[in-house]
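Let's walk through this model together, moving from one helix to its surroundings and then on to the sheets. Keep the structure open beside you as you read.

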Amino acid sequence: MAKKETTSFKKYLKWFWGIVLGGFTFILLLFLYTAWDPFNALPSFEELENPQENLATEVISIDGKTIGKYATENRTPINFKELPTNLVNALISTEDERFYEHSGIDFKGTARAILKPGSGGASTITQQLAKMLFTGKASKNIVKRVLQKAKEWVVATKLERQYTKNEIIAMYLNKYDFLNQAVGIRSAARIYFGKEPKELNLSESAMLVGMLKNSSYFNPLRREEKVKQRRNVVLKQLTRSEFITEVEKDSLQKLDLGLDIHKESHKDGAATYFRGHLQKVMRRWVQEHPKPNGEQYNIFEDGLKIYVTLDSRMQQYAEEAIDEHMSNLQKFFYKELKKNKNAPFYDIDKSQVAGIINRAKKNSDRYKRLEIAGKSSKYIEEVFKKKTAMKVFSYKGDIDTIMSPNDSIKYYKYFLRSGLLSIEPQTGHIKAWVGGVDYKHFKFDAVEQQKRQVGSTFKPFVYATAINQLKLSPCDQFPNIPYTIPKGKYGIPEAWTPDNASSKYGGMLTLKQGLAGSVNTMSARLIDMVSPENVVRLAKAAGIESDIPANPSIALGAVELSLLEMVSAYSTFANRGLRVSPMIITRIEDKNGTVLEEFIPKTQEVLSEESAYVVLNLLEGVTQSGSGARLRSNWTSYPKIVTGFPYKLTNAIAGKTGTTQNQSDGWFMGIVPNLATGVWTGGEDRATHFPGISFGQGATMALPSWALFMQKCYADKDLNISKENFDKPKNLSINIDCDEKKDEKGKGTTQEEDTDF
């Protein structure tokens, strides 16, 4: 009997060792196969040293803030030292408690997972990184999954030999996709909490670590309560690992998530129009500046750093100013349109309205997609008539509604548009760029893409030419009578006699009064004295690139220019007659910080320092006694359409309003010693406008945005926006001290209402 039991024991012992040795042999062969498999090659040393990443290109403002990114994956890697300790503690306590003890594979954790299913995952942080970097999504085929797991183990051990533990943590957090364009921990911190990772508190860190389990399921924008529950699990793990106390855990678990969403898509965030323009500039740049190996940089994947001239604070103030005024202005526009049977258009018939709507339809993305798909005109027409669910813009936030694409086109025609641009004259640095009221819904850029008639904002170039060429003084007087340029002169087909918008004539006016009151007879006289050709020459030298006809009518602004051109040209007056070409980029670096190019502005002398100062003196008259006087005054009341009035600005401001025919365009150009800013406001179509001059003038449509912007800039002392007088040249030979009588309210002799055309 004893012999039989001994034989049986030996049999079981052989089976035991056979299974153990067989298991080890299988695992050994599996690892050898994984290492030698030519069809499933392991990463080389070079690949481990430089794992392929799609890195976002970062747009960094002059004050060091990231204002946007261009990305296939919105990833901006950071170093371990930029991670807060609470985030690292949360990660280790939740995902891999023995991270600093194992060499890539936690055999104890693996054994526990096999012997006790449901007790926790066996994958270490290093294995998870290996999977993300080199093995990819788990296969559903069991054999392939086993081979994949083996490869994952081998890669994990290689990673442990190649990198420090801290580097592995940083790589893991930089690689993980936290969803909602948040690829990597830096993007996640910025998008979900509006912070840099170093600024994350423990609750925020716990939420992000909780998402590592499955970000698609634990999505804060869709399952906030589930995400909160998962965060609380992480906090419990932190207590278990003795990183925090029970009291701290209980207190933190009661908190809300504290989300502060800052989306970073191309349509969201700050300076969207600027970034759209910058992207076009960068597409040209990469074609002209290849990599050392001859390949072209990819602005969406190569992790470039673009340092731009924009100031994030000024950009914010500009966007706020436009939003505040335009949301207010729009309310009054709606009220005016209630009286208009042809709303939102004036001055055109039904056939012209149909033409406008049809053009908008054919320019829409929807129409172009259907055309490319080969759909017939009849089919497309039916699509545009059919009601469908859509989001439409409003100043109170997007509205979910149901309407046809045709109706949505007309809906958007009701909205007035606006643009603001601000330039530092001495450097050419563009400091703020607002191309419209909402990039998502109104992509056409009113700063650079759009060209509209500039009205009386062009008159200073006429005055500047006369002063520079003839040494005229602001005090020189001319009769305020109709002025005619005869037929044939300058090639005009008919005699030209412009009317004053005010229809007032008689007496003598100084140049200063003429510009302050935007008197058309004065502008006509001056352009005849110097010739249209010379005015065009000066305007071109000042930075206007668009075609300007050498016609006398340009004296009244009958020329279509962009806001970018106008502000750039006005900057010349503030920079003592020296033009500095506008700049948007200071330097470009690659992902390693190597400078690829630094940018220097081009300069050109346009007019003498003395002439530039005299023009500024004339433009100061506009804000002292002309159509820009509401910047300073509080002696009269204005309707609430003049957003934010009274402004009570007391410093030196050189400015000019402009209003085109039928109030289709409202302009205000304003200069202080170290900042030139222009605003345009109007409808998408010239037929969309206020019916009367009171609401439709530049001083009402555009000036308030400028004033609000400047108030915000002045309130921020760190910006150092000048409140000083303009620098007066030494030995000024032109007399600027005109003895003009003031009325009892502090006005000059010209009327305060805007009469620019």
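The buried residues of helix α10 are covered by elements that include α3 (85-95), α9 and α11 (246-253). Those buried residues are V227, K228, R230, R231, N232, V234, L235, L238 and T239, where buried means under 20% relative accessible area with a 1.4 Å probe, protein chains only. Helices here are DSSP runs of H or I with at least four residues, strands are runs of E with at least two, and both are numbered from the N terminus. The expected span of a helix is 1.5 Å times one less than its number of residues. The 17 residues of α10 should therefore span 24 Å, and its end C-alpha atoms are indeed 24 Å apart. After α10 comes E242, with a positive phi near 65 degrees.

This is a predicted model, in which local features need pLDDT of at least 70 and side-chain atom pairs count only at pLDDT 80 or more, while totals for chains, interfaces and linings use all residues. Residues are numbered from 1 along each chain as its sequence is written, and side-chain values use heavy atoms, leaving out hydrogens and water.

Just ahead of α10, look for S215 in the loop between α9 (202-211) and α10 (224-240). Is S215 buried or exposed? S215 counts as buried because its relative accessibility is 6%. Setting aside neighbours within four places in sequence, S215 is in contact (heavy atoms within 4.5 Å) with Y176, D177, F178 and L179.

Now turn to helix α17, residues 405-413, where P405, N406, S408, I409, Y412 and K413 are buried. Viewed down the axis of α17, these buried residues fall within an arc of 165 degrees, so they line one face of the helix; the arc is that of the directions from the helix axis to the C-beta atoms. The cover over them includes α14 (350-363), α15 (365-372), α16 (377-385), β4 (388-392), β5 (399-403) and β6 (416-424).

From β6 we can step into an open sheet of five strands, ordered β7-β6-β18-β17-β16, with antiparallel pairing. Two strands pair if DSSP finds at least two bridges between them. At the edges stand β7 (429-434) and β16 (654-659), each with a single partner strand, so one side of each has no neighbour in the sheet. Strand β16 is joined to β17 (residues 665-672) by six bridges, and A654 has I671 as its bridge partner in β17. Two helices lie across this sheet's strands: α13 (residues 312-337) crosses β6, β7 and β18 (675-683) at about 155 degrees to β6, and α22 (residues 563-574) crosses β6, β7, β16, β17 and β18 at about 30 degrees to β17. Axes are lines fitted to C-alpha atoms, for helices over the stretch in contact, and angles run from 0 to 180 degrees between N-to-C directions.

Another open sheet has five strands in the order β2-β1-β3-β13-β14, with mixed pairing. Its edges are β2 (66-70) and β14 (595-598), each having a single partner strand, so one side of each lacks a neighbour in the sheet. The twist averages 20 degrees from one strand to the next. Three bridges join β13 (residues 585-589) to β14 in an antiparallel run, with E589 opposite V595.

Finally, a word on confidence. The mean pLDDT (the predictor's confidence in each residue, from 0 to 100) of the chain is 88, and 86% of its residues reach 70 or more. Over residues 741-757, pLDDT stays under 50. Where pLDDT is low, the predicted coordinates should not be read in detail.

Note on methods. Buried means under 20% relative accessible area, exposed over 50%, partly exposed in between (1.4 Å probe, protein chains only).
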